Amino acid sequence: MVRRNDERRAALVDGAIEVLAREGARGLTFRAVDAEAAVPAGTASNYFANRDDLLTQAGARVYERLQPDEATIARQQAAGRDRQTYVELMRELVGRIASFRTGYLALLELRLEATRRPELRKVLTERVRADVDANVAYHEASGLPGDGMAVKLLILTLNWLIVEQLTLPDVFTEAERDQLVTAAVERIVPAE
C-alpha cells in the first residue's frame, strides 16, 4: 500500500534528488533515500511502488522546484520586449537552474538512466517535450523578439552552459558565462 503523507513524500523525493546528484542512479536505493530524508528504515518502500516510481517522481519534483516564483514571473511580464531584456531573462534562468545544482545533476542522472529504462525514457520525453512546448508558447505570447526555433536553440545552448557550470565550474568565469549568454541571445535571436 502506498502512503499519502504529502510532507513526508516530498522529503523522500527531495532526498532521492540529493542521492541521485551525489551517488548517481546506481546509488539510489530506498535505504539511501530513507537515510538522506532522516526517516526510519523502510519508509520509502511504503511511499513508492518501486524504484521506477521513485525515479519518475524525483524527475517531476526537480521540474516543480525549477519553476520561477510568482514574483519572477510578474517581473518578466512587466519587462521590456527587446533583446537586452531577453539577455537578462536568460541570465536569470541560467542562474536559477544553476542554483539548484543537485536538482540539475539529478536530472542528468535521470537522463542517463532513461537510456536503459524505456518507461523512464517515455516519462522524461513527455516531460521535456511539454517543457519545450510551454517555453515556446510563453515566448510567443510574451512579445519578445525571435521565434520558436530561437527558443529551442537557446534551450539547447544554455543547457550545455549549465552542464559546464555545474560539472566543471572553472572552465568559464562568471563574467565569461554572462558574455556567453549575451552572445547566444544576440546570435540566435534576430534584431528587432
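This report walks through the fold, the domain interface and one arginine of a predicted model.

**Overall fold**

Let us start with the whole chain. The protein has 10 helices and 0 strands, so to speak a run of α elements from the N terminus on. Along the principal axes, the C-alpha atoms fill a box of roughly 60 × 35 × 30 Å. Across the protein, the count of salt bridges comes to 14.

**Two domains and annotated spans**

The domain assignment splits the protein into domain 1, residues 1-61, and domain 2, residues 68-188. Their C-alpha centres lie 26 Å apart.

UniProt adds two features in the N-terminal part of the numbering, both from an unreviewed entry. One is "domain: HTH tetR-type", listed for residues 6-66; the other is "DNA-binding region", placed at residues 29-48. The table puts the computed values for these two spans side by side.

| Span | Helix | Strand | Distance between end C-alpha atoms |
|---|---|---|---|
| Residues 6-66 | 77% | 0% | 19 Å |
| Residues 29-48 | 65% | 0% | 11 Å |

**Where the domains meet**

How many residues of domain 1 are in contact with domain 2? The model has 13 residues of domain 1 in contact with 13 residues of domain 2. The size of an interface is often given as the accessible area lost when the parts come together. Here the area buried between domain 1 and domain 2 is about 1100 Å², and carbon and sulfur atoms give 66% of that area.

There is a polar side to this interface too. Between domain 1 and domain 2, the count is 2 salt bridges, and 3 residue pairs are in polar contact across the interface, with both residues of each pair at pLDDT 80 or more. Which elements give two or more residues to the side of domain 1 that touches domain 2? They are α1, spanning residues 6-23, and α4, spanning residues 51-66. Helix α4 provides the largest share of that side, with 6 residues. Sorted by class, the side of domain 1 that touches domain 2 has 6 nonpolar, 3 polar and 4 charged residues.

**A salt bridge between distant parts of the chain**

One salt bridge is handy to pick out in the viewer: Asp-52 pairs with Arg-117, and the closest N and O atoms are 2.4 Å apart. Asp-52 sits in helix α4, while Arg-117 is in the loop between α7 (101-114) and α8 (118-142). This pair links distant parts of the chain, with the two positions 65 residues apart in numbering.

**A closer look at Arg-61**

Helix α4 also holds Arg-61. Leaving aside residues up to four places away in sequence, which residues does Arg-61 touch? The answer is Ala-10, Val-13, Asp-14 and Ile-17. With Asp-14, the contact includes a polar one: the side chains of Arg-61 and Asp-14 are joined at 2.8 Å. The side chain of Arg-61 also makes a polar contact of 2.5 Å with the side chain of Glu-64.

Gly-103 offers another reference point for Arg-61. The C-alpha atoms of Arg-61 and Gly-103 are separated by 8.7 Å, and the two residues are 42 apart along the chain.

Notes:
Residues numbered from 1 in each chain as written. Predicted model: local features only at pLDDT ≥ 70, side-chain atom pairs only at ≥ 80, totals over all residues. Heavy atoms only, no water. Domains from an automatic or database assignment. Contact = heavy atoms within 4.5 Å. Buried area = accessible area lost by both parts, 1.4 Å probe. Salt bridge = Lys/Arg side-chain N within 4 Å of Asp/Glu carboxyl O. Polar contact = N/O pair within 3.5 Å; in protein donor to acceptor, adjacent residues only side chain to side chain. Helix = DSSP H or I, 4+ residues; strand = E, 2+ residues; numbered from the N terminus. Nonpolar A, V, L, I, M, F, W, Y, C, P; charged D, E, K, R; others polar. UniProt positions renumbered as here; feature names shortened; annotations may be inferred.
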